[in-house]
Amino acid sequence: MACKKTSVPFKGTKEQEEKLLAVIAELKDQPGSLMPIMQQAQEIYGYLPIEVQTIISDATGEPLEKIYGISTFYAQFALAPKGQYRISVCLGTACYVKGSQAVYDKISEVLGIGEGECTADGKFSLDSCRCVGACGLAPVMMINDDVYGRLTADEIPGILAKY
């Protein structure tokens with residue numbers, strides 16, 4: 001059973017909140033501090049769920065809508081947790097024409113998750129990207145820092161089993 005982006009329960013700790021509030025206290029009076037605060041928050045929690053955005057809003061006085069807008073505009077911010085093993089499949093031109101969509105679809109089928117989602121056990125998350133800079137190995141996927149190239153959909157179950 002897969003967890004959807006919106007159904008992952010927030011598991012923030014008091015220690016994480018205290019760390020975030022210390023960062024906010026240190027930075028909030030500096031011009032342009034919202035982005036660094038949000039970046040630090042993501043480092044502390046691993047992502048920026050609405051609960052963390054609310055803490056930032058309450059502590060900085062910035063409107064929640066502004067924080068949400070920034071967190072959804074910039075690709076560096078994630079609104080859902082990432083899995084222990086972060087899978088990224090390149091859907092850029094070179095990979096796409098060599099069959100990366102079939103690879104992506106097979107991963108989605110095997111794990112029961114879609115774009116930006118995480119398996120219920122927190123083990124895998126799935127994202128697509130536009131280029132990993134390994135076009136000569138197309139189609140390519142990465143699992144954390146491991147690069148897999150010249151893939152076929154048939155190889156996916158065996159690769160995932162290693163993790």
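1. Helices and strands. This predicted model has seven helices and six strands. Read from the N terminus, the elements go β-α-α-α-α-β-α-α-β-β-β-β-α. If you want a feel for the dimensions, the C-alpha trace spans about 50 × 30 × 25 Å along its principal axes.

2. Burial and contacts overall. There are 163 residues in the protein, and 42% of them are buried. Of the contacts with a separation of 6 or more, 60% are between residues 24 or more positions apart.

3. The α2/α3 pair. Here's a good place to start looking: α2 covers residues 34-45 and α3 covers residues 50-60, and the two pack with their axes 11 Å apart at an angle of about 140°. That angle makes α2 oblique to α3, since the roughly antiparallel label is kept for angles over 145 degrees. The crossing of α2 past α3 is right-handed.

4. Who touches whom there. On the α2 side the contact is made by Leu34, Ile37, Met38, Ala41 and Tyr45, and on the α3 side by Val52, Ile55, Ile56 and Thr60. Sorted by class, that contact has eight nonpolar residues, one polar and no charged ones. The spacing of many of these numbers is worth a thought: an α-helix has 3.6 residues a turn, so residues three or four places apart point the same way.

5. What covers α3. The buried residues in α3 are Val52, Gln53, Ile55, Ile56 and Ser57. Their cover includes α1 (14-27), α2 and α4. Just after α3 comes glycine 61, with a positive phi near 80°.

6. Serine 71. Is serine 71 buried or exposed? With a relative accessible area of 2%, serine 71 is buried, because the cut-off for buried is under 20%. Serine 71 sits in helix α4 (residues 64-73), and its side chain reaches the backbone oxygen of tyrosine 68 at 2.9 Å. Beyond its neighbours within four places in sequence, serine 71 is in contact with Met38, Leu48, Gln53, Phe77 and Leu79. Two of those names have come up already: Met38 takes part in the contact of α2 with α3, and Gln53 is one of the buried residues of α3.

7. Proline 36. Back in helix α2 you'll find proline 36, which counts as partly exposed at 30% relative accessibility. Proline 157 is 121 residues away along the chain, and the C-alpha atoms of the two prolines are 39 Å apart.

8. A cis peptide bond. Which two residues does the cis peptide bond join? They are alanine 138 and proline 139, with omega about -5°. Look for proline 139 in the loop between β4 (124-129) and β5 (141-143). As background, most residues other than glycine have a negative phi, and most peptide bonds are trans.

9. Positive phi outside glycine. Two residues to check here. Asparagine 144, in the loop between β5 and β6 (146-148), has a positive phi near 55°. At 24% relative accessibility, asparagine 144 is partly exposed. Arginine 150 also isn't a glycine, and its phi is positive at about 50°. Its place is the loop between β6 and α7 (156-161), and arginine 150 is exposed, with a relative accessible area of 56%.

Methods:
Residues are numbered from 1 along each chain as its sequence is written. This is a predicted model: local features need pLDDT of at least 70, side-chain atom pairs count only at pLDDT 80 or more; totals for chains, interfaces and linings use all residues. Side-chain values use heavy atoms; hydrogens and water are left out. Axes are lines fitted to C-alpha atoms, for helices over the stretch in contact, and angles run from 0 to 180 degrees between N-to-C directions. Helices (H or I, at least four residues) and strands (E, at least two) are DSSP runs, numbered from the N terminus. Angles under 35 degrees count as roughly parallel, over 145 as roughly antiparallel, 65 to 115 as roughly perpendicular and the rest as oblique. A crossing is left-handed if the near helix is turned anticlockwise from the far one by less than a right angle, and right-handed if clockwise. Contact means heavy atoms within 4.5 Å. Ala, Val, Leu, Ile, Met, Phe, Trp, Tyr, Cys and Pro count as nonpolar, Asp, Glu, Lys and Arg as charged, and the others, Gly among them, as polar. Buried means under 20% relative accessible area, exposed over 50%, partly exposed in between (1.4 Å probe, protein chains only). A polar contact is a pair of N or O atoms within 3.5 Å; within protein, one must be able to donate a hydrogen and the other to accept it, and residues adjacent in sequence count only if both atoms are side-chain atoms.
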